[in-house]
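Let us go through this structure step by step, beginning with the ligand and its surroundings and then turning to the fold and to two points of backbone geometry.

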Amino acid sequence: MSAESSRKPGKFITFEGGEGSGKSTHAAALADRLKARGLDVVLTREPGGSPGAEIIRHIILSGIAKPLGTETETILFAAARDDHVKATILPALQAGRWVVSDRFIDSTRVYQGVVGKVDMKLIRALERVTVGETMPDLTILIDVPANIGLARAKTRRGTGAADRFEAESVEFHEELRQAFLNIAAREPKRFAVIDGRAPREVVAERIWQAVEQRLLGVPQALDVAAP
Ligand code: T5A
């Protein structure tokens, strides 16, 4: 791992939220809309987003690393992120491309830190080493009650098995939701919180307004976070 990361000129947008909140749907929709505007966009995800990180994704989400404990899982997520940043995100940003990532550092802070009770000092130290200056310019938090997100994820999955985290209780997922909201409240400049209960097109429009306002310099009359 290395903290080397001289940045920009591209823009980096991350999507965060609980299971089934609509991150993948809206990350893809936003990438399409940015492309339609003539921007060069890389759509990626975590865990994964580079060949090495996709291998680690398989190990984590299969649940085979769970017996090793939450600290080891945290280190695995960090190893995946290190490869993702070096191989995919940073080169794209340095080339002036826009990067849209489905999950990033806030997922580790919440899943492993707040809910998994891994020492925040370890999480911050791993963040410094793996991410360095490659921080998101904007993080879209799609907020939905845990029961709605889990029901959506279950419908989409069909008869397939729930993954490592989807299999946890509703209380676990409600705690995650609150933890994401708390981080967003502490970092209002980086975060835009979007109510994910609204119909898909409405959510997509609010996300677009946030991007226009925060990154494209388009003034907005409406509050994008309004329900
Ligand atoms: N993780 C990840 C950690 O613990 N630590 C970390 O550091 C990182 C990076 C990743 C897992 O890893 C954990 C978190 C996760 O548990 P994953 O398979 O990538 O696992 O799963 P998730 O990221 O949770 O993504 P999901 O696919 O479960 O949910 P999404 O992406 O939020 O939801 P999406 O877009 O697939 O939508 C779900 C369904 O809802 C519909 C969609 O069409 C889809 O069918 N939908 C809507 N329906 C009605 N109204 C709307 N507004 C809708 N928006 C979407």
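**The ligand and its surroundings**

In this predicted model, the ligand is surrounded by 27 residues, and those that come closest to it are K23, S24, T25, T108 and R156. Two of these residues also appear among the polar contacts: an N or O atom in the side chain of S24 lies 2.5 Å from an oxygen atom of the ligand, and the side chain of T25 likewise places an N or O atom 2.5 Å from a ligand oxygen. A nitrogen atom of the ligand takes part as well, being 2.8 Å from an N or O atom in the side chain of Q112. On its own the ligand has 1000 Å² of accessible area, and the protein covers 87% of this. As for where the ligand is placed, it sits in the largest pocket.

The shell can also be described by the elements that build it and by the classes of its residues. At least two shell residues are supplied by each of the helices α1 (23-36), α2 (51-61), α3 (70-94), α4 (105-115) and α6 (146-157). Among the contributions to the shell, that of α4 is the largest share, with four residues. By class, the residues around the ligand comprise 10 charged, 10 polar and seven nonpolar ones.

**The fold as a whole**

Stepping back from the ligand, one finds eight helices and five strands in the protein, and along the sequence these elements follow the pattern β-α-β-α-α-β-α-α-β-α-α-β-α. The radius of gyration of the protein is 17 Å, close to the 17 Å that the globule rule gives for 227 residues, and the protein is therefore as compact as a globular protein of that length. Measured out along its principal axes, the C-alpha trace spans about 50 × 40 × 35 Å.

**Two points in the backbone**

Two loops deserve a look for their backbone geometry. In the loop between β2 (41-45) and α2, where P47 is found, the peptide bond from E46 to P47 is cis, with omega near -10 degrees. Further along the chain, the loop between β3 (98-102) and α4 contains R103, a residue that has a positive phi of about 80 degrees although it is not a glycine. The helix that follows this second loop, α4, is also the one from which the largest share of the shell around the ligand comes.

Notes: Residues numbered from 1 in each chain as written. Predicted model: local features only at pLDDT ≥ 70, side-chain atom pairs only at ≥ 80, totals over all residues. Heavy atoms only, no water. Near = heavy atom within 4 Å. Polar contact = N/O pair within 3.5 Å; in protein donor to acceptor, adjacent residues only side chain to side chain. Areas by Shrake-Rupley, 256 points an atom, 1.4 Å probe, with all protein chains shown as cover. 1 Å grid on protein atoms, 1.4 Å probe; cavity = no way out; pocket = protein on both sides within 12 Å on 5 of 7 lines; lining within 4 Å. Sits in = over half its atoms within 2 Å of the grid points. Nonpolar A, V, L, I, M, F, W, Y, C, P; charged D, E, K, R; others polar. Rg over C-alpha atoms; globule rule 2.2 N^0.38 Å.
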